[in-house]
Structure formats: C-alpha cells, structure tokens
Amino acid sequence: MKRLHIHVAVDDLPGSIKFYSTLFASEPSVEKSDYAKWMLEDPRVNFAISARGTKTGIEHLGIQAEDGAELAEVYQRLASADAAVLEEGETTCCYAKSEKSWVNDPSGIAWEVFHTTGEAVTYGGAAAGADLPPSARAGSDAQACCTPTVKRDGACC
C-alpha cells in the first residue's frame, strides 16, 4: 500500500519535533541534528521535517511505494500526466537510499515518487556536512539537495 509523503522545512527543529510528536502521539522513527521523520500508520503517512536553511513551509509532497511493482505503477501514471518527469533513479536523500522521480504539479509544487531501499548515514550523497544544500552553506535561496526544480523538458534545476 502506498504512503503519502509530506516534507516540511522548519526553523526550530527541537520545538517542531516536540509539537509533531505530541500531535502524532509518537516519537520520530528517524531523528538527526537537522532532520526528523515519522512513519505513521494512522494516518498512513511518511511525515518529515528538516532544518537545512531553506524557506520554511512545504518542502515537497510525494508518494512512497512499498515495492518495485507499486513504483512502476505510479511511474506509469506519471508518464501519462501532462508534466515533465525528472527520473533521478537510484539516489541517497534524507538519510535513505531510494529510487525516485520528480514532477511539478501545474502550480509548481514538487512531487517525489519513490521506493526506499535502505538507510544512509548522510542526508544526501556527500560526506557528513558537505551534503548541506547551497542555501545552508552560503545563505542563498537555492533549492535543497533533495528537491530539484523540474523544467518543462524534464531537465533538473
């Protein structure tokens, strides 16, 4: 069964962890110095927050498939949508290894479609600390490493 994924950028990670733990009546299943995730069954959602220097609010939305067959099913739907799809393939993101693709809805909201294949020790693919997005390193408004901007032709960034 597929799971809705919501990733919210926050300013106050400890305060947000306390708030969402109370709201969900559950502690995070993953907690790092810049990130936390709840894999909830009621409601069935993968809810993540991060404090990585990006603008606060909805970081991106997504659909998490439980296996390769579900991922292929959602990929077929993406191929039928009137939107450019960025096929990222195998990647490391949000302390997890996964296969994923990205699409923007008509309003420009980023949607991630993915299947998690394992855990990772870094947020992205680089060594600890080097995987911070440019906005966290240099104070710019650049996108987070895990949320590319998909252009109409399917190109990234």
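**Figure 1. Glutamate 112 meets lysine 100, side chain to side chain.** The side chain of glutamate 112 makes a polar contact of 2.4 Å with the side chain of lysine 100. The model shown here, as in every view below, is predicted. Glutamate 112 sits in strand β8. Its relative accessibility is 4%, so glutamate 112 counts as buried; the cut-off for buried is under 20%. Setting aside neighbours within four places in sequence, glutamate 112 is in contact with His5, His60, Leu61, Gly62, Ile63, Lys100, Ser101 and Trp102.

**Figure 2. The whole chain, for orientation.** Three helices and eight strands make up the secondary structure of the chain. Read along the sequence, the order is β-α-β-β-β-β-α-β-β-β-α. The chain has 157 residues, and 43% of them are buried. Take the contacts between residues at least 6 apart in sequence: 56% of these join residues at least 24 apart.

**Figure 3. Strand β1 pairs with β5 and with β4.** Strand β1 covers residues 3-9. Five of its seven residues are buried, so the strand is mostly covered. Strand β5, residues 57-65, runs antiparallel to β1, and seven bridges join the two. Within this pairing, histidine 7 has histidine 60 of β5 as its bridge partner. Histidine 60 is also one of the residues in contact with glutamate 112. Strand β4, residues 44-50, runs parallel to β1. Six bridges link β1 and β4. Valine 8 stands opposite isoleucine 49 of β4. In a regular strand, side chains alternate between the two faces of the sheet.

**Figure 4. Strands β6 and β7 form a hairpin.** Strand β6 spans residues 85-93 and pairs with β7 in the antiparallel sense over eight bridges. Leucine 86 stands opposite tryptophan 102 of β7. Tryptophan 102 is among the contacts of glutamate 112 too. Two residues lie between the strands of this hairpin. Strand β7, residues 96-104, is mostly covered, with seven of its nine residues buried.

**Figure 5. Cysteine 94 and tyrosine 95 in the turn between β6 and β7.** Which sign does phi take at cysteine 94? Phi is positive, near 55°, in a residue other than glycine. Cysteine 94 lies in the loop between β6 and β7. Its relative accessibility is 10%, and therefore cysteine 94 counts as buried. Tyrosine 95 lies in the loop between β6 and β7 as well. Tyrosine 95 has a positive phi of about 60°, although it is not a glycine. At 12% relative accessibility, tyrosine 95 counts as buried. Both cysteine 94 and tyrosine 95 help line the second largest pocket.

**Figure 6. Strands β7 and β8 form a hairpin.** Nine bridges pair β7 with β8 in the antiparallel sense. Lysine 97 stands opposite glycine 118 of β8. Five residues lie between the two strands of the hairpin. Among the hairpin residues, glycine 108 takes a positive phi near 95°. Glutamate 112, the residue of the first view, belongs to β8.

**Figure 7. A cis peptide bond ahead of proline 43.** Aspartate 42 and proline 43 are joined by a cis peptide bond. Omega is about 0°. Proline 43 lies in the loop between β3 and β4.

**Figure 8. The second largest pocket and its lining.** How much space lies in the second largest pocket? About 210 Å³. Rolling a probe the size of a water molecule over the atoms shows where empty space is left. The lining consists of Val30, Lys32, Lys37, Met39, Gln64, Cys94, Tyr95, Ala96, Thr116, Gly118, Glu119 and Ala120. Two elements give two or more residues to this lining: β3, residues 35-41, and β8, residues 110-119. Which of the elements gives the largest share? Strand β8 does, with three residues. By class, the lining has six nonpolar, three polar and three charged residues. Gly118, a lining residue, is the glycine that faces lysine 97 in the pairing of β7 and β8.

Definitions and conventions
Residues are numbered from 1 along each chain as its sequence is written. This is a predicted model: local features need pLDDT of at least 70, side-chain atom pairs count only at pLDDT 80 or more; totals for chains, interfaces and linings use all residues. Side-chain values use heavy atoms; hydrogens and water are left out. On a 1 Å grid over the protein atoms alone, a cavity is a set of points where a 1.4 Å probe fits but cannot get out, and a pocket is an open set with protein on both sides within 12 Å along at least five of seven lines; lining residues have an atom within 4 Å of a point. Grid points are joined across faces, edges and corners, and a volume is the space filled by probe spheres set on the points. Helices (H or I, at least four residues) and strands (E, at least two) are DSSP runs, numbered from the N terminus. Ala, Val, Leu, Ile, Met, Phe, Trp, Tyr, Cys and Pro count as nonpolar, Asp, Glu, Lys and Arg as charged, and the others, Gly among them, as polar. Buried means under 20% relative accessible area, exposed over 50%, partly exposed in between (1.4 Å probe, protein chains only). A polar contact is a pair of N or O atoms within 3.5 Å; within protein, one must be able to donate a hydrogen and the other to accept it, and residues adjacent in sequence count only if both atoms are side-chain atoms. Contact means heavy atoms within 4.5 Å. Two strands pair if DSSP finds at least two bridges between them.
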